[in-house]
Amino acid sequence: MRTLISTAFVSLDGVVEAPGGEPGYRNAGWTFKDIEFLPEAYEIKGREQKEAGAMLLGRVSYEAFSPVWPGMAEFADYKVMPKYVVSTTLTEDDLVSDWGETTILRSLDDVAALKETDGGPIIVHGSATLNRGLSDAGLIDRYHLLVFPVLLGAGKRLFSATDKDAQKLRLVEHEAYANGIQKNVFDVVR
């Protein structure tokens, strides 16, 4: 079974919306505003590209990343990696042609089936709505969180507000950086 890893830039109050400056959110670009850039805080991002066997995205994140990431040198490993987009509305004609093999999945059941295939870990970038659904369905195995020292108030959250049984997590890696960012890697305890 493949490991499904949710990776996110998250504010201390749980917001994941528009960390890189995506339009439409009042605090867009919050990961680099007034927070000193320290390369060592982002080491896990390079490691994710080297270790992942596939990328999983929701439609909104796919539409934000696919016009930009294929041409970015810092995301070169993702260009050749198989990608899966969970969407009920995207068609093959909506997919970009310069970002490698991309498959549209129509449901969380399709994601569960993908996890049963051979291959390396599946990494989920962005995709707040998808992340909440995956978590509620018990499909996420690990979280890679870079927690930023900022409170944003409103915005899309990583975790759902669904009333459900407690989900225990095991901290397997952590580090705090001089700029206040914390790396927290959690395995989901089953």
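Start by selecting serine 66 in this predicted model. Serine 66 is buried, at 4% relative accessible area. Its place is the loop that runs between helix H2 (59–65) and helix H3 (76–80). Show the side chain and look for the backbone oxygen of tyrosine 62: a polar atom of the serine 66 side chain lies 2.8 Å from that oxygen. Apart from neighbours within four places in sequence, serine 66 is in contact with Val96 and Trp99.

Next, select leucine 105. Not counting residues up to four places away in sequence, leucine 105 touches Leu56, Tyr84, Val85, Val86, Ser87, Asp110, Val111 and Leu114. Leu105 also belongs to the largest nonpolar core, which has 23 residues. Within that core, Leu4, Leu56, Leu105, Val111, Leu134 and Leu145 are the members that touch the most others. To see where the core comes from, colour these elements: strands S1 (4–11), S2 (54–58), S3 (83–86), S5 (122–125) and S6 (142–148), together with helices H4 (108–115) and H5 (128–136). Each of them supplies at least two residues of the core.

Now go to the loop between S1 and helix H1 (43–51) and select alanine 18. Alanine 18 is not a glycine, yet its phi is positive, about 50°. Stay in the loop between S1 and H1 and add aspartate 34. Aspartate 34 also has a positive phi without being a glycine, here about 60°. Which of the two is buried, alanine 18 or aspartate 34? Alanine 18 counts as buried, because its relative accessibility of 9% is under the 20% limit. Aspartate 34 counts as exposed, because its 83% is over 50%.

The remaining stops concern charged side chains. Side chains of opposite charge can pair when their charged atoms come close. The model has 12 salt bridges.

Select lysine 45 and glutamate 48, whose side chains form a salt bridge at 3.0 Å, N to O. Both residues lie in helix H1, three residues apart, about one turn of the helix. Lysine 45 is buried at 17% relative accessible area, and glutamate 48 is buried at 2%.

Move on to aspartate 141. Which side chains meet aspartate 141 in a salt bridge? One is that of lysine 115, at 2.8 Å from N to O. Lysine 115 lies in helix H4 and aspartate 141 in the loop between H5 and S6, so this pair ties together parts that are 26 residues apart in sequence. Both lysine 115 and aspartate 141 are buried.

Another is that of arginine 190, which meets aspartate 141 at 2.7 Å, N to O. Arginine 190 lies in the segment after strand S8 (182–188), so its pairing with aspartate 141, in the loop between H5 and S6, ties together parts that are 49 residues apart in sequence. Compare the two ends of this bridge with a surface switched on: arginine 190 is exposed, with a relative accessible area of 59%, whereas aspartate 141 is buried at 16%.

For the last selection, take Glu43, Arg47, Glu173, Glu175 and Lys183 together. These residues are linked in a network of salt bridges.

Technical notes. Residues are numbered from 1 along each chain as its sequence is written. This is a predicted model: local features need pLDDT of at least 70, side-chain atom pairs count only at pLDDT 80 or more; totals for chains, interfaces and linings use all residues. Side-chain values use heavy atoms; hydrogens and water are left out. A nonpolar core is a set of buried Ala, Val, Leu, Ile, Met, Phe, Trp, Tyr and Cys residues joined through side-chain atoms within 4.5 Å. Buried means under 20% relative accessible area, exposed over 50%, partly exposed in between (1.4 Å probe, protein chains only). Helices (H or I, at least four residues) and strands (E, at least two) are DSSP runs, numbered from the N terminus. Contact means heavy atoms within 4.5 Å. A polar contact is a pair of N or O atoms within 3.5 Å; within protein, one must be able to donate a hydrogen and the other to accept it, and residues adjacent in sequence count only if both atoms are side-chain atoms. A salt bridge is a side-chain nitrogen of Lys or Arg within 4 Å of a carboxyl oxygen of Asp or Glu.
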